[in-house]
Structures are given as C-alpha cells and as structure tokens.
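Work through the exercises below with the sequence and the 3D structure open. Try each task before reading its solution.

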Amino acid sequence: MKRIEDQTQHGVLQTGSHDDRARQDFAFSFRNKITSHLMPANRAVFEARAAKRHEKEHGTAPQSPADIRKAMEADSFYTSYVSVRRTSQELIWRSVLPAVDGAEDIEVKTSAGGSLTLDPDISVPRYVDALDIHCMPGVYCHDTGTQATGALYDRGVYLYMSGLMGGLNDSVGQLAATFLKARRPDFMPRKILDLGCAVGHATLPYVDQYPGAEVHGLEAGADLLRYGHARAEAMGKTVHFHQGNAEETGFDDESFDLVATHIVLHETSRRGLPAIFKECFRLLKPGGIMMHIDQPGFAELDAYSTFLQENETYYNNEPFWRQFRRTDMVQTSVDVGFAKDNVETDILAADVINQSQNNGPANKGAKGGGFLVVLAKKS
Ligand SMILES: C[S@@+](CC[C@H](N)C(=O)[O-])C[C@H]1O[C@@H](n2cnc3c(N)ncnc32)[C@H](O)[C@@H]1O
C-alpha cells in the first residue's frame, strides 16, 4: 500500500504544509478504504440480494449492464457506496487545493533546454472544459496565469490513483514507451509528439527511451503546460511544450515520426476522437507510427464489470467514457487513412506497469484489466 509521502519530490511538486498533508492523508486513506473494501462488496450484494429481488419483480435475472444498474439502484448498500465514493473523489481534490496556493512562485530552471509556447487565442474544444472531469475543480484549462492547475493535477492524480501510477505518475508513459521499443525494435523516431500531455507525466519517459529524439508535448491547458515545463526542466528532461488543440495542432504535414496519446481519448467526444486520429495521420511522415493507450473496450468485460465501470460516467463526470469503450479503434484508424493491415490493437496487462521498470513488457493479454494499445503505421 502506497503512502502520500511516496510521491517522488521532483523539485516543483507542491505538497503544502503539515496541515495540508494531514488533510490529503485523510482523503487518500478514505478513498483507498472505499476502493479496497466497499467496492468489491458490491458483487456479493448484487448476487445475494439485488439480482434475486430483480428476478422476483421482473421474472428474469438481470443480464445486461442496464438491468444490473436498475437492480443495484434499488439497493441501499449500493446507493450509499456511490454516494460516499463521489464524496471521496471530491474530497481528494479539495484536500490538495490549499497546497497549490504558492504555485505562482515556482521557479523555472531552464537548464535542460526545453521550451514552452503558449497560445492565448487557442480555441478549446467543449469536451475539455465544459465540466469538471473526474471532479477536478476548474479542470484542465483553468488558467490562473500561474502553474496552479498543473500543481493541482500532479498531486491530485497521485492521490486519486492511490499512488499506483508510480512516484512520478508516469507508469502509463513508461509502459507505452517500453512496449513500443520492444514491439518495434527497428523503429527509431527522431521527432515525437505527445498529444494531450497535461504536465508531461507520460511524455518524459520518451526522452529516456529514445535518446536523441526531439520530444514535444501538446496540451490545451496553459497552467498545466507552465507547470509541466518547470517540472521537466527541474528533472533535466528536454521537452518542447505547446499550447494547442490536438484536433488542429498547426504543425506541418508529415513532421513527426511518432504521434501518441496516453489516457486522453476516453475524455474526447464522438466528433473529437476521429478528428484527433485524422490529425495524427496528417502529422506523420510515411513510415511513422500513431499510438494510443487508453482503457480497453467493454467487449473485454462481463456485464457486471461493465456496469461497475460505467459508474465513471454516472458518478465521476466522465461523460464520454461509455461511448469510448464501445468505439471501434481499428475502423476509426482506417477511416482516417491508415491501411487496415497496418493497424493492430493489443491489451497490456496492468502488471506490465511494474514489469516495465525492470523486465521489459510482458503481454499477458489480460481480459478486462490493463490498457488498450492501438498502433497504426502510415504507409
Ligand atoms: C486524462 S488527461 C491525460 C494527461 C496525460 N496524457 C497523462 O498521461 O498524464 C487528458 C489531457 O488531455 C488534454 N486534452 C484532451 N483533449 C484535448 C485536445 N483536443 N487538445 C489538447 N489537449 C487535449 C486535457 O486537457 C488533459 O490534460
């Protein structure tokens, strides 16, 4: 079990005062208790009580995720669980807010030679800033003119994910970069672009995995980028950060060898997702690779697990989560111009996150767990 102190102090991390950390510790432990104790108990409640009651009332056992939801919403254990889980999620972010108050004073040491380019005229898609995604106050594009939103995101994500993204919140980027290197050992990208990079958690691992490559991150939120730039420089990693819209980046045609996203697509709309794929295709040089890492499709899950996962949409302000997990990634890639034979998908088991640190990728093809990876090569 991780502790809040286990987050790596990388130089610009804002953890606040002793009192702030005490509040964070409470919110972290409260949420962990709910996830590890209450959440698993729902299955027993479903099987022993809710399913039987539903069958008695409707004549058939609940089969689909929608039927299971109907059955569970009639059970007070489940309704108490979702209420307390939502409260704990809001509490996580609120516990971090006082700690990021000093984010205007974060010093940027420009020793690594990266850069930051902001665009005050950016047109942000509605799906990025119309509501507080996963209950993060102000969400990604809240521009305070400082680094506060970035500091909130860095600390909040660590607490929210129970520390399971690693001390630097970078397990997904480590996993993706390690997987690509192993799956395509001869592919040596010289220019890499990470779309929706936030503070660069998943961007920085590419600096280590592909030394010599020019690494860029693009993101809509200015505060996130200011903080991400300061963080990368403090860590001695050379990254060029840009404010922009991933659907229309403004970079030249065929200017990158690798264009990637990490846990971005599930937050994009029905129109936004294919637009991002189209932009990836436009940006890639011939022979270049598009790679997306995100949640696996619901086809991997049974009806009960699908129901539980759909709670992200119902109770955690993730409006596109359900439709994303029913989207055909291969067809979407083909629709924007990739040849079908050049598109592959895979499921990376969650324990690869740990193994990627030491042993290289181990693809367990896990049902339901882990991450979906979409790889598409431009002819
Ligand atoms: C869940 S965060 C993931 C951040 C990062 N890739 C990581 O792995 O830590 C999604 C990020 O994508 C950004 N984003 C989503 N759609 C975007 C778009 N169309 N243009 C630019 N950024 C976008 C959001 O602002 C947010 O920072």
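The exercises that follow concern a predicted model.

**Exercise 1.** Find out how many residues the largest nonpolar core has, and which helix gives the largest share of this core.

Solution. Begin with the count: the largest nonpolar core has 83 residues. Next, look for the residues with the most contacts inside this core, which are Ala 176, Leu 195, Val 259, Met 291 and Val 373. Then turn to the helices: helix 5 (residues 148–160) supplies the largest share of the core, 8 residues. Finally, note a second, separate core of 9 residues, with Ala 51, Ala 71, Tyr 78 and Tyr 81 among them.

**Exercise 2.** List the residues that Val 259 touches, not counting residues up to four places away in sequence.

Solution. With those places left out, Val 259 is in contact with Leu 193, Leu 195, Cys 280, Leu 283, Leu 284 and Met 290.

**Exercise 3.** Decide whether Lys 377 is buried, partly exposed or exposed.

Solution. First locate Lys 377, which is in strand 8 (residues 371–377). Then count: 19 other C-beta atoms lie within 10 Å of Lys 377. A buried residue needs 20 or more and an exposed one has 12 or fewer, so Lys 377 is partly exposed. Leaving out residues up to four places away in sequence, Lys 377 touches Ile 289 and Asn 342.

**Exercise 4.** Describe the residues that surround the ligand.

Solution. Start with the number: 22 residues surround the ligand. The closest are Tyr 140, Gly 196, Ala 198, Ala 220 and Ala 246. Now sort the shell by type: 12 residues are nonpolar, 7 polar and 3 charged.

How values were computed. Residues are numbered from 1 along each chain as its sequence is written. This is a predicted model: local features need pLDDT of at least 70, side-chain atom pairs count only at pLDDT 80 or more; totals for chains, interfaces and linings use all residues. A nonpolar core is a set of buried Ala, Val, Leu, Ile, Met, Phe, Trp, Tyr and Cys residues joined through C-beta atoms within 7 Å. Helices (H or I, at least four residues) and strands (E, at least two) are DSSP runs, numbered from the N terminus. Two residues are in contact if their C-beta atoms, placed from the backbone, lie within 7 Å. A residue is near a molecule or strand if its C-beta atom, placed from the backbone, lies within 6 Å of it. Ala, Val, Leu, Ile, Met, Phe, Trp, Tyr, Cys and Pro count as nonpolar, Asp, Glu, Lys and Arg as charged, and the others, Gly among them, as polar.
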